[in-house]
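Please look over the sequence and the structure below before reading the briefing.

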There are 2 protein chains.
Amino acid sequence: MQLIDAKKQFVQAWGALGSQWGINKTMAQIHALMMLSNEPLSTEDIMEQLSISRGNANMNIRELTDWGLVSKVFKAGERRDYFVGEKDVWKIAKQVAKIRKTRELDPILNLLNSIKNLDDSSKSEEVKHFQKMVDDVHKLATNVDRLIEGIFKAEQNWFWDKVLKLFAKH
Amino acid sequence: MQLIDAKKQFVQAWGALGSQWGINKTMAQIHALMMLSNEPLSTEDIMEQLSISRGNANMNIRELTDWGLVSKVFKAGERRDYFVGEKDVWKIAKQVAKIRKTRELDPILNLLNSIKNLDDSSKSEEVKHFQKMVDDVHKLATNVDRLIEGIFKAEQNWFWDKVLKLFAKH
DNA sequence: TTAAAGTTTCAATTAATTATGAAAATTATC
DNA sequence: GATAATTTTCATAATTAATTGAAACTTTAA
């Protein structure tokens, strides 16, 4: 396989993966391009390589910048903006986890807290079951929350070494 | 708060969470209803509680059944189908992980394998960088794969006990 | 200061996804 | 085996999400 084809396949697959996880396809594809490129890319480069409009490119580059996965760089003697993507996949994963935790997990934890105390003190089976389910979900969500917090602090090698060892015996 | 409002909020939040992770909102809401209900629910019940059409209800119940999160039950003397949802949140999480691993992670791993060997033996910086990135992503994906495999085998308490202990010192 | 280059915005359009509902198919009951 | 109840299918409609492209805005440098 040629480099150019391999790149295309990677970009395409990254876009598809993003879509399946609620991330705009174009955003994921731009991210893929940025990961694969040694050199900073301009908006023009991205428009060309993905055959997309200027507005689309601009908006998704901004979104990636907001996520902290891409940053602007200045090229000497060049007027236009160039961008580079974070290349460390562990950092990328952590960053995505951090953002999604804040946006999605934290609100769910708040909601679960607020609904677990009902006025209804009837202790009916229905109420008891509801409270048990909410509590179970809350416990799992809290554990996931702590796991993510742990990941933020951990080093990649340390983390995988420890985690994978856990399962080695089984 | 009253039970009925708390349920509504939970169902609504579960739907929103699903949407953000590439799962049809209605499918997630039906799943929420099923989790919260002690009793089996019929298609009619679901149509009524979520104000959705029969076709929509039917399709999403089937999808949940395919995911192994809901099963059909027979009610004595009743002609229509009733459904119950899995109530064990750990099992639910494992099942979702299993399905998404198969559908999404495994294909990505295959792709990464197939693109890492290029005809281009030029050892240009460009080729080297590409191969390094693909390799890094592949390593991370493989570790995630193993983590999920481990989760399948582990018991909930054992798993969280071990994992959370890992981070206790830090 | 101005005009050319580059960037951003956003209303309008297009594309993709979901939902509807009625007809067809299936299943149970008499 | 006719019919009534229920489920499934799927073409079409509705909704939601993504994209375009041109105008407005900003920056640079002559």
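The points that follow cover the interface between two protein chains and the surface around a DNA strand.

This is a predicted model, in which local features need pLDDT of at least 70 and side-chain atom pairs count only at pLDDT 80 or more, whereas totals for chains, interfaces and linings use all residues. Residues are numbered from 1 along each chain as its sequence is written, chains are lettered from A and ligands numbered from 1 in the order in which they are written, and side-chain values use heavy atoms, with hydrogens and water left out.

**Interface of chain A and chain B: extent**

- With contact taken as heavy atoms within 4.5 Å, 58 residues of chain A are in contact with 58 residues of chain B.
- About 5,600 Å² is buried between chain A and chain B, and carbon and sulfur atoms give 74% of that area; buried area here is the accessible area (1.4 Å probe) that two parts lose on being put together, summed over both.
- On the side of chain A, the residues that lose the most area to chain B are A:M1, A:L3 and A:F167, which together account for 11% of what that side buries.

**Interface of chain A and chain B: polar pairs and make-up**

- The rule finds two salt bridges across this interface, a salt bridge being a side-chain nitrogen of Lys or Arg within 4 Å of a carboxyl oxygen of Asp or Glu.
- A:E126 forms a salt bridge with B:K7, and the closest N and O atoms of this pair are 3.4 Å apart.
- Between chain A and chain B, 13 residue pairs are in polar contact, both residues being at pLDDT 80 or more; a polar contact is a pair of N or O atoms within 3.5 Å, and within protein one must be able to donate a hydrogen and the other to accept it, while residues adjacent in sequence count only if both atoms are side-chain atoms.
- At least two residues of the side of chain A that touches chain B come from each of α1 (3-20), α2 (25-36), α5 (89-115), α6 (125-153) and α7 (156-168) of chain A, helices being DSSP runs (H or I, at least four residues) numbered from the N terminus.
- The largest share of that side, 15 residues, is supplied by α6(A).

**Surface near DNA strand C**

- DNA strand C is surrounded by 17 residues, of which the closest are A:N58, A:R62, A:D81, B:T26 and B:S53; a residue is near the strand if one of its heavy atoms lies within 4 Å of it.
- A phosphate oxygen of DNA strand C lies 2.3 Å from an N or O atom in the side chain of A:N58, and a phosphate oxygen of the strand is 2.5 Å from a polar backbone atom of A:D81.
- A base nitrogen of DNA strand C is 3.1 Å from a polar side-chain atom of A:R79.
- α4(A) gives the most to this surface, with five residues.
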